[in-house]
Amino acid sequence: MGEILVGTASWTDRTLLDSGWYPASADTPERRLAYYARQFPLVEVDATYYSPPAERTARLWADRTPPGFTFNVKAFSLLTGHPTRVSALYKDLRPDTEKRTVYPGDLPAQAYEEVWTRFLSALDPLVDAGKLGVLLFQFPPWFTIRRDNKQYLLEVARRCAPLRPAVEFRHASWFDGDNAAETLDLLRAHDLPFVCVDMPQGHKSSVPPVLAATADLAVVRFHGHSDRWTSKDIHEKFGYDYSKRELRDWAPKLRELAGETERTHVLMNNCYRDNAQRNARTLVDLLAD
């Protein structure tokens, strides 16, 4: 069985800081990250979706964590086709527009290329330290299974090489009927890790909990099962606390998945207060049984 790394999506959520999970001595960003890294070997950086990282920040992440620690980094929203705040773009690349949000097509081609270059190069300190896991490309609900979107997946792989992009879908068309095999075969053919998800069902963005390894690394993200999944309040959307029984049911499935690959990353994304951290610790213990 391949190695299973368990962690959480974010270590700086405001409600987490208010929950008491961190000891009083972890009273600075540096001490909080160091404390987190003593509890888990893996973390997902979600802030990079909202605003691209600075190289200096990535260097601090690398310096403040022990050898062998792993950061998965979420791709900047513009690179996954999500609406992106103009104010989040690099100042010299902001288009002259009155719009508050833009899409890739709203930028000159040269500016769009520069966003890609700067985003990837900012992660060099993590690469140099051997601490970069995958780049998480979470696509929007309107990213359906059609030819140009499949081609974009290959473009992402080409642009990121030799770094590892991992692909998360938010539209069920990728798994409707025979599409499931086609989707997984496409990812396998190009050595693209598939991001398995546990999430609420019955919504436009719902994807079934398909567990499959499409590369030598697999990723599983637990989003919870909040009945407020469509809420614009992120804490209502992800404010779910997994029961021990739910996590116990997942443990053998994760072991089976790990048997198909060299390494499996498991991230708890139910980030409200210390739900993710407590659930991740429970899952670590269950996997060790």
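In the predicted model, the length of helix α10 agrees with what its residue count would suggest, because 15 residues at 1.5 Å a residue should span 21 Å, and the C-alpha atoms at the two ends of α10 are 21 Å apart. The helix, which covers residues 244–258, nevertheless carries a kink of about 25° at A251, shortly before the proline P252. A251 is also one of the buried residues of α10, a group that further comprises L247, W250, L254, L257 and A258. These buried residues pack against strands β1, β8, β9 and β10 and against helix α11, which spans residues 275–288.

The strands that α10 meets belong to an open sheet of eight strands, arranged in the order β7-β6-β3-β2-β1-β10-β9-β8 and paired in the parallel sense. The edges of this sheet are formed by β7 and by β8 (residues 195–198), each of which has a single partner strand, so that one side of each is left without a neighbour in the sheet. From one strand to the next, the twist averages 25°. Helix α10 packs on the sheet through contacts with β1, β8, β9 and β10, and the direction of α10 makes an angle of about 165° with that of β9, the strand of residues 217–222.

Within the sheet, strand β1 (residues 3–9) is joined to strand β10 (residues 263–268) by six bridges in the parallel sense, and in this pairing E3 stands opposite R263 of β10. Strand β1 also pairs with β2, again in the parallel sense, over three bridges, with G7 having L42 of β2 as its bridge partner. Strand β2 (residues 42–45) is covered on both faces, since L42 and E44 on one side and V43 and V45 on the other are all buried under the cut-off of 20% relative accessible area. The pairing continues from β2 to strand β3 (residues 70–74), with four bridges in the parallel sense, and here V45 stands opposite V73 of β3.

Towards the edge formed by β7, strand β6 (residues 132–138) pairs with β7 in the parallel sense over four bridges, and the bridge partner of L136 in β7 is A166. The two strands are also linked in a right-handed β-α-β unit, in which helix α7 (residues 147–160) accompanies β6 and β7. Although β7 stands at an edge of the sheet, both faces of this strand (residues 165–168) are covered, with P165 and V167 buried on one side and A166 and E168 buried on the other. The loop between α7 and β7 contains P162, and the peptide bond that joins A161 to P162 is cis, with omega at about 10°.

Further backbone features occur in loops that adjoin the strands. Most residues other than glycine have a negative phi, and most peptide bonds are trans. S10, in the loop between β1 and helix α1 (residues 14–19), has a positive phi of about 90° although it is not a glycine. At 16% relative accessibility, S10 counts as buried, because the cut-off for this class is under 20%. R273, in the loop between β10 and α11, likewise has a positive phi, near 50°, and is a residue other than glycine. At 34% relative accessibility, R273 counts as partly exposed, because this value falls between the cut-offs of 20% and 50%.

Two exposed positions were also considered together with residues distant from them along the chain. D128 lies in helix α6, which covers residues 124–128, and counts as exposed because its relative accessibility is 68%. The C-alpha atom of D128 is separated by 31 Å from that of H223, which is 95 residues apart from D128 along the chain. G68 lies in the loop between helix α4 (residues 55–63) and β3, and a relative accessibility of 59% places G68 among residues that count as exposed. For G68 and G177, which are 109 residues apart along the chain, the separation between C-alpha atoms is 40 Å.

Key
Residues numbered from 1 in each chain as written. Predicted model: local features only at pLDDT ≥ 70, side-chain atom pairs only at ≥ 80, totals over all residues. Heavy atoms only, no water. Buried < 20%, exposed > 50% of the residue type's maximum accessible area, 1.4 Å probe, protein only. Pairing = 2+ DSSP bridges. Right-handed = clockwise from strand over helix to strand, strands pointing away. Axes fitted to C-alpha atoms, helices over the stretch in contact; angles between N-to-C directions. Contact = heavy atoms within 4.5 Å. Expected span 1.5 Å × (residues − 1). Bend = angle between axes of the 7 residues up to and from the residue.
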